[in-house]
Amino acid sequence: MLAKKNLWWLAAAAAFALFPIVVTNPLYTTIGVFTVIYMACATSWNMFSGYSGYIALGSAVFYGSGAYTMALLSIHLHMAAGSSQFWLVPVGGLVAMAFAAPIGWVALRVRRHTFVVITIAVFFIFQLAAINFGFTGGTSGLNLPFITWGFQDFNKPFYYAGLVLVVFATLLSIAVRRSRFGLQLLAIRDDEDRALGLGVKVSAVKITGFTMSAFTVGMAGALYAMFVGQIYPQFVFDPMFDVSIALMTFLGGLGTLTGPLLGALILEASQQYLTVTFSNGSLYLILFGALFLIVIIFMPQGIVVYLRDRITKRVERERAAVAANEAASPDVALGGAR
Amino acid sequence: MTTLLSATGVSKAFGGLQALSMCNLEVEKGSITGLIGPNGSGKTTLFNVITGYVKPDAGTVTFDGQNITNARPDAVFSLGVGRTFQLTRIFSRISVLENMLIATQHDESWLRGLLRSKSSKVEVDNAMELLDFVGIARLADLQAGALSYGQRKLLELAYVLVADPDVILLDEPAGGVNLTLINGIAEKIRTLNAAGKTFLIVEHNMEFVMSLCDHVTVMHQGSNLVTGTPAEVRANPLVLDAYLGGGDEDEDDLREAVAGA
Amino acid sequence: MNSVALLSAAKDGILTGAVYALMATGLTLIFGVMDIINLAQGILVILGAYLSYALQVHWGIDLFVGLLITIPLMFIVGIVIERAFIGRLKGPEKTAMSILVTYAVSLLIEGTLNMVFSVNDVQLHGWYVAKSFAIGSIHFGYIYVAGFILAAVLLSSLYYMLYRTRFGVSVRASLADQTSAALVGIDVRRVSTITFGIGVAITAAGGMVYGATNSFNASSSYDLISRLLTIIVLGGMGSLGGALLAGVGMVFVGDMVGVLWSPVWSSMSYFVVLVIVLLFRPQGLFGQQSARVA
C-alpha cells in the first residue's frame, strides 16, 4: 500500500505531466515553462546553498553562461532551428560547470559573508563582459535560429524539457541528501570548523557541491535561450534572477527537498501572472518585497518546514523524548557502562 | 610509564595578551591527567595549541613521538587525538545518529563519499553502541539541536569516541551538568581508561578532578605551576595562592617558584 | 596619453572616491556592529537623492541646505527599518537572513520610488553642478569639490563621534565584540539601532552628491550597491579604515583604467580588483583573519 506521502508526490507528478495538455492557452503554458525552469534552478541552488549554508547570489552567471552557450553554438554551428538544439542544453550545463569550478575555488576560500559578496562581484563581471565583449553581441544580444513549430504547440516541448530538468534536479538532490557527501555538506553548514577537525575534506566538498549545482542552472539557461529565441545580457545576467531563486528557496524552506519546488511554483507563477495582469511593474516590486518580508518574519524557516513541524508536532515530540531520556538516564549512568 | 602526549615550552600571545608562556605539560600513557588553574590561566588555549586550532609562537607539541606542533586539526584528529569543547559543539540540524556518522569521515577520500550512501551497517551499529554507552541511544533520530545541555555533552563524548582515539582531551566535561550526570561521566571515563584510553581533562570542578585523575598539572598565568598527584597538588600552598590571587609581591614569588619548579 | 588626462582622472578618482567611501563606511559600520549586510544601502542612497530632489523641485531648497533636513530624515528612516525588520533577526543565520530582508526592503522602496517619481531619469541641479574652476589645465567641478569636502566633514564627524564620545566607545566595543560589549553593560540593541540609523543617514549625504553628479532613477541602486559591497569587502568587512581606503582606491583605479584603457572596462575593474585581492587576502585589506573558532 502506498504511503500517504508518496500518493501526494504521485498526484503532483500527474498534475505537472498533464498540465499543458489540459491547459492549452499559450499565455498560461508560457507561465508554465518559466515556472518549471525556475523550479529546476531553485532545487539545484538549494542543493548547494541550502545544504551547506553558503548563500550564493551569483547563479545567474551559470544561467547566462548556459544561455550564451546555446545561442553561440546554435549560431556558429549553423544548427537547424528545432529539436536538434535540445542537444545543446546539457552542453550549456557543462559550460556552466566549467565556469563554476574556478569560481568556486576562489570564492569558497573566504568566510560566508564575504562569499556572498564575491558571488555578486563575479556576477557583475560576467554581466559587464557580456555587454562589452564583441562575440556576445553586446547590448543588442544574440538571436537564435527561429523555431517554427507553430503557435499552438510551441510551448509544449519546452515545458516537458523543463519538467525533465526539474525531475533531474530533484533526483540529484535526493541522491546527495542520502549520500555521505550530503551529510558532510550539512555538517559544514552547522559547524564548518568542527567538521574540518573531524576529518571532513571541507574545501573539496564545497567546491564539488558548488560545481554540481551549476549544472542544472546552466541547462536551464540554455533551455531559456532556446525558448525565447533572443537573449540580451541584462536579462540572462539579471540580479533579480539570483535573488529570486534564493527567495523562492527560503520561502519554501531552505535545505528541504520540496521547499524550493514549492517556493518556485508559488513565486514564479504569481510573478508571471502579476506582470501580465498589472502592467505597472512597480506595484509588483512592492508586492514582492512585502510578501518576502512577511514570510521571513513569520515563517523564517520556510513554508514547508513550518507546515511539517506543525503537522508532525515535531517540537513537542522532541521535548518529550528528551525529557524521557533525562528521567531514564540515572539508571543508565550508574549501571549501563559496558 | 611512557609519555604519550607532551607540550614543551609553548608560548602564545594574542595581541597584547600573553596567553601561554613557556608552558610544559606531560601526559602519561594510560593515565587520566587533570589540567586545572584559575580562569585565564591558559588551559583552553593550550588545548587549542595541542589540537591544532591555534598555532603557537614557540614550543613543540609531541604525540606518540611525533612532532605535531603546527599540524591542522584534522591531521591531529586522524593521528588519534580527540577532543571536546567547552561550549559543546554538535551539528544541531542533523540527527544525533548522523552526528556520529560524521566522525567516521576521515578514513576515505571525498570522491568516494560522493558515491557512497551515508552509512554502512557497521558504522551505524558502532555508532548506536556508543550512543548506548553514553545513554542517549533512544534519541538517535532526533535533531541534535533538541537535546538538553547534558545530553549534548554526552553526544560530544560519544562522537569523539567514534574514531577510537588513543588520547582524549576533555574541555570541562562536568561544566553545567547535574551531579548524577557528573558521576555518570566520571564512570564512563574510568571504564574507557580501564580499556586503555588516555585522558587529559580540563576542569574547574575540584572534586571531579581530584577523585578521577591520577595526575594533575596546575596552570597559572599561561604557564605550568605545579605537577603531581592530586594529594600533592592539594597540599601545595602555591596552588592556593594562584587561585586566590595575591598582591604584587606574591606575584613575584610565584614567578620565582614557577621558574624554579 | 597626456599627463593632463591622467591627472584629471586621478583627481576625479579621489574626489568621487571620497563620496563612495562615505557611503561604504555606513555599510561597513552596520556590518561591523550588527553582523548585518544591508543590501538596501543602494536604494537608500537613491532615496536620499530623491529627497534632495523633492526639496529642491517643490520648495526650492538648495541641495546642501536641504541636507539639514534629509540627513535627520534618513536617520529616522534607518531607525524605523531597523526596528521593524532587522532587529528581529537573530540566530546563526542572521547575516544570511539580513541579506534577504534588506533586499526585500529595497524592493519595497524601489517600487514606491518608481510610483512616486516615475522611472524617468532625473538629476539634481544647482549653480555648482555644471560649473568648474581650473588649476593649471585641470578642471575642478565645484560640485565634486563640495562633495569631497562634505564627505570629509561627515567622516571626520563620524570618527570624532566614535573616538571622542561615550556613545562612540559603545559602538567601537560592539564593533570589536558584541558578546563582550553586552557583558560589560552596553545596551547592544540600542547601539545597533542607532548605528543603523547613522549608517543610513550618511547615505543621505552621499545620495545628494551622487544625484548631483549622475542622472539616476530607482534602478541605479543595483549598480551602486554592487560597488559599495565590493568596496567594503575589499577593505575588510567591518573595518572603517578599510572602507575609506578601498572606497577612494577603487574609484581611483576605476577612473585610471577608464583613461588608460577605455571607459568600458572601468566598471569591470572594480570587480576584477576585488577578486584578485581576495585571492591573496581573503579577509580583505584590513579585515580580520577568520579565526578558527575553538
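Two strands count as paired when DSSP finds at least two bridges between them. I kept that cut-off at hand while going through this predicted model.

**Entry 1: strand S3 of chain B**

I started with S3(B), residues 32-36. I asked which strands pair with S3(B). One is S8(B), residues 198-202, joined to S3(B) by 4 bridges. Another is S9(B), residues 215-220, also joined by 4 bridges. S3(B) runs parallel to S8(B), and S3(B) runs parallel to S9(B).

I then picked B:Gly34 as a marker. B:Gly34 stands opposite B:Ile201 in S8(B). In S9(B), the residue opposite B:Gly34 is B:Val216.

Next I checked burial. Is S3(B) mostly covered or mostly open? It is mostly covered, with 5 of its 5 residues buried. I looked at each face in turn. One side carries B:Ile32, B:Gly34 and B:Ile36, and these are buried. The other side carries B:Thr33 and B:Leu35, which are buried as well.

**Entry 2: the sheet S2-S1-S4-S5 of chain B**

I traced a sheet of 4 strands in chain B. The order is S2-S1-S4-S5, the sheet is open, and the pairing is antiparallel. Which strands stand at the edges? They are S2(B), residues 17-28, and S5(B), residues 66-67. Each has a single partner strand, so one side of each lacks a neighbour in the sheet.

I followed one pairing in detail. S1(B), residues 3-14, and S2(B) are antiparallel and share 8 bridges. Within this pair, B:Thr3 stands opposite B:Glu28.

**Entry 3: cysteines**

I searched the whole structure for disulfides and noted 0 over all chains. I checked B:Cys213 by itself. B:Cys213 is in no disulfide, and the nearest cysteine sulfur, that of B:Cys23, is 16 Å away. The cut-off for a disulfide is 2.5 Å between the sulfur atoms.

Is B:Cys213 buried or exposed? Its relative accessible area is 7%, so B:Cys213 counts as buried. I also looked up A:Cys41. A:Cys41 has a relative accessible area of 0% and is therefore buried.

**Entry 4: where chain A meets chain B**

I turned to the contact between the chains. It takes 37 residues from chain A and 50 residues from chain B. The buried area is about 4100 Å², and carbon and sulfur atoms give 56% of that.

How many salt bridges are there between chain A and chain B? I noted 5. One salt bridge links B:Arg93 with A:Asp190, with the closest N and O atoms 2.9 Å apart. I also noted 8 residue pairs in polar contact between the two chains, both residues being at pLDDT 80 or more.

Which helices of chain A supply at least two residues each to the side that touches chain B? They are H6 (155-178), H7 (180-197), H8 (202-228) and H14 (314-335). H7(A) gives the largest share of that side, 14 residues.

**Entry 5: A:Glu192**

I stayed with H7(A), where A:Glu192 is found. Its relative accessible area is 18%. The cut-off for burial is under 20%, so A:Glu192 is buried.

What does the side chain of A:Glu192 make a polar contact with? It meets the side chain of A:Lys206 at 2.8 Å. I listed the residues A:Glu192 touches, leaving out those up to four places away in sequence. They are A:Tyr54, A:Arg112, A:Ala187, A:Val202 and A:Lys206.

Methods. Residues are numbered from 1 along each chain as its sequence is written. Chains are lettered from A and ligands numbered from 1 in the order in which they are written. This is a predicted model: local features need pLDDT of at least 70, side-chain atom pairs count only at pLDDT 80 or more; totals for chains, interfaces and linings use all residues. Side-chain values use heavy atoms; hydrogens and water are left out. Buried means under 20% relative accessible area, exposed over 50%, partly exposed in between (1.4 Å probe, protein chains only). Contact means heavy atoms within 4.5 Å. Buried area is the accessible area (1.4 Å probe) that two parts lose on being put together, summed over both. A salt bridge is a side-chain nitrogen of Lys or Arg within 4 Å of a carboxyl oxygen of Asp or Glu. A polar contact is a pair of N or O atoms within 3.5 Å; within protein, one must be able to donate a hydrogen and the other to accept it, and residues adjacent in sequence count only if both atoms are side-chain atoms.
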